[in-house]
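Hi,

Here is the structure I promised to pass on. Have a look at it first, and my notes on what turned up are underneath.

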Amino acid sequence: MRAKDLVIQLRAGVIDENFAIYRDLLTNTSLADASDPYWRRTLTLFNSLTSEQKEVFLEVMRQVAIDTTANILGVLDGVNSIEGLDCELLLTCDTEADPLNGDLQSLFLAEEEATK
């Protein structure tokens with residue numbers, strides 16, 4: 001697996017698929033069907049919004065997922081730091097000799113921009 005393939009798969013699985021699941025849950029789950037207190041509060045908030053506000057809410061959720069994924073990739077690349085992490089991380093794949101990390105964050109963000 002190449003680094004570019006990894007970020008494409010991360011974007012599809014972590015961003016696109018999870019976002020679709022959240023969108024579906026928020027737009028199609030009845031408050032009466034929600035038993036979890038967290039989801040009941042979330043649905044109550046979401047259902048109180050106008051259609052335009054719901055779209056903004058969903059956009060914010062998607063952007064948070066993008067930013068979080070990019071920051072984690074930045075940690076793996078060594079461009080974002082975590083207090084107390086005093087070593088170099090290497091992300092490898094058993095089919096590749098070279099580490100995958102180094103440009104994951106920039107590849108991920110470029111892939112996200114290219115698909116907008």
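To start with the helices: helix 1 and helix 3 are roughly antiparallel to each other, a label for angles over 145 degrees. Their packing angle is about 150°, and the axes are 11 Å apart. Axes here are lines fitted to C-alpha atoms, over the stretch in contact for helices, and angles run from 0 to 180 degrees between N-to-C directions. Helices themselves are DSSP runs (H or I, at least four residues), numbered from the N terminus.

Before going on, please note that this is a predicted model, in which local features need pLDDT of at least 70 and side-chain atom pairs count only at pLDDT 80 or more, while totals for chains, interfaces and linings use all residues. Residues are numbered from 1 along each chain as its sequence is written, and side-chain values use heavy atoms, with hydrogens and water left out.

Back to that pair. Residues of helix 1 in the contact (heavy atoms within 4.5 Å) include V7, L10, F19 and L26, and those of helix 3 include F57, L58, M61 and L73. By type, the contact of helix 1 with helix 3 has 13 nonpolar residues, one polar and five charged. For that count, Ala, Val, Leu, Ile, Met, Phe, Trp, Tyr, Cys and Pro are nonpolar, Asp, Glu, Lys and Arg are charged, and the others, Gly among them, are polar.

Helix 1 (residues 3–28) also packs on helix 4 (residues 104–114), at about 55° and with the axes 9 Å apart. That makes helix 1 oblique to helix 4, the term for angles that are not under 35, not over 145 and not 65 to 115 degrees. A3, L6 and I15 are among the helix 1 residues that meet helix 4, where L104 and F108 are among the partners.

Several of these names come back in the largest nonpolar core, which has 11 residues, including A3, L6, V7, I15, L73, L104 and F108. A core here is a set of buried Ala, Val, Leu, Ile, Met, Phe, Trp, Tyr and Cys residues joined through side-chain atoms within 4.5 Å; buried means under 20% relative accessible area, exposed over 50%, and partly exposed in between (1.4 Å probe, protein chains only). Helix 1 gives the largest share of this core, four residues.

One last residue: G13 sits in helix 1 and is partly exposed, at 23% relative accessible area.

Cheers

Note on methods. Helix = DSSP H or I, 4+ residues; strand = E, 2+ residues; numbered from the N terminus.
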